[in-house]
Amino acid sequence: MSYNSSNMGSRTGRMALEFGRTHVVRPKGKHQATIVWLHGLGDKGSSWSQLLETLPLPNIKWICPTAPTRPVALFGGFPCTAWFDVGDISEESPDDLEGLDAAASHVANLLSTEPADIKLGIGGFSMGAAAAIYSASCRVLGQYGNGNLYPINLSAVVGLSGWLPCSRSLRNRITVSHEAARRAASLPMLLCHGSGDDVVAYKHGEKSAQTLSSAGFRNLTFKTYNGLGHYTIPEEMDVVCNWLTVVLELDGLRLVDR
């Protein structure tokens with residue numbers, strides 16, 4: 001499957017879209033952090049909640065929502081679960097800003113009811129990673145794409161096999177704001193991508209990391225997995241667990257690096 005389409009189709013942001021079921025994995029130990037994890041295109045929250053429940057991170061509460069079912073230009077308008085509309089992954093492709101804002105707002109609402117002493121994060125895979133990275137940009141800029149205030153203080157962002165939406169304007173918007181530059185420099189972000197990814201090409205993940213770094217995201221780690229396709233593996237999830245344990249200052253021991 002290739003993220004290319006000659007017909008971008010009509011955007012669906014103006015439609016009343018209903019989000020699907022949200023699955024919650026409650027912490028087995030002391031609750032120290034809550035992370036919303038976003039699935040990929042055509043998937044659902046339960047797929048990732050089952051995996052996240054097995055991770056050795058007893059102090060994290062995972063919230064795994066399901067995206068709305070909407071027409072997707074990539075599939076010629078055929079409906080499937082998607083956080084936003086997409087027809088092509090490239091810097092020249094138009095971004096579904098309304099869909100991205102709706103996804104980021106939904107995630108913020110899910111995090112808004114967490115206790116004040118709990119650290120908050122967002123993560124995702126593929127399209128879910130793109131939505132998570134977009135939420136990070138909203139946090140840094142202090143507002144959604146539509147100008148409304150972004151209300152959540154994020155402590156960690158994880159993106160697996162994803163890309164950066166709205167990349168063309170991000171650097172300029174951050175550099176003109178001292179506060180945005182400060183937030184970008186301090187927000188921890190982990191991006192991972194397989195060199196054998198035939199769905200979201202590795203070059204898109206690499207370019208996204210480069211763009212974010214040049215925009216001022218100084219606390220960004222980019223990990224390459226040689227030969228890895230469009231899926232995750234235990235070695236990658238071990239890195240995620242170690243990284244989250246460190247940046248969120250969670251109780252517990254680090255895993256042995258593989």
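These are numbered notes on the sheet of a predicted model and on the helices around it.

1. The sheet. Seen from one edge to the other, the strand order is E1-E3-E2-E6-E7-E8-E9. This makes an open sheet of 7 strands, and the pairing is mixed. Strand E1 (23-25) and strand E9 (220-225) are the edge strands; each has a single partner strand, so one side of each has no neighbour in the sheet. From one strand to the next, the twist averages 15°.

2. Strand E6 and its neighbours. E6 covers residues 119-125 and runs parallel to strand E7 (residues 156-160), with 5 bridges joining the two. E2 also runs parallel to E6, and that pair is joined by 6 bridges. Of the 7 residues of E6, 6 are buried, so this strand is largely enclosed by the rest of the structure.

3. A row across three strands. Gly124 in E6 is a useful residue to find when following the pairing. Leu38 stands opposite Gly124, and Gly124 in turn stands opposite Gly159 in E7. One further pair in these strands is Phe125 with its bridge partner Leu160 in E7.

4. The β-α-β unit. E6, H3 and E7 together form a β-α-β unit, and its hand is right. Helix H3 (residues 127-141) packs on the sheet, where it touches E2, E6, E7 and strand E8 (189-194). The direction of H3 makes about 145° with that of E6.

5. Helix H2. This helix, residues 97-112, lies across strand E2 (33-38), strand E3 (60-64) and E6. Its direction is at about 155° to E2. E2 and E6 are thus named for both helices: H2 lies across them, and H3 touches them.

6. Helix H4. Which residues of H4 (residues 167-175) are buried? They include Ser167, Leu170 and Ile174. These residues cover an arc of only 30° around the axis, which puts them on the same side of H4. In general, an α-helix has 3.6 residues a turn, so residues three or four places apart point the same way. Asn172 and Thr175, on the other side of H4, are exposed.

7. What covers H4. The cover over the buried residues of H4 includes H3, helix H5 (178-186) and helix H6 (202-214). H3 therefore appears in two places in these notes: it packs on the sheet, and it is part of what covers the buried residues of H4.

Definitions and conventions. Residues numbered from 1 in each chain as written. Predicted model: local features only at pLDDT ≥ 70, side-chain atom pairs only at ≥ 80, totals over all residues. Heavy atoms only, no water. Pairing = 2+ DSSP bridges. Helix = DSSP H or I, 4+ residues; strand = E, 2+ residues; numbered from the N terminus. Axes fitted to C-alpha atoms, helices over the stretch in contact; angles between N-to-C directions. Contact = heavy atoms within 4.5 Å. Buried < 20%, exposed > 50% of the residue type's maximum accessible area, 1.4 Å probe, protein only. Arc of directions from axis to C-beta. Right-handed = clockwise from strand over helix to strand, strands pointing away.
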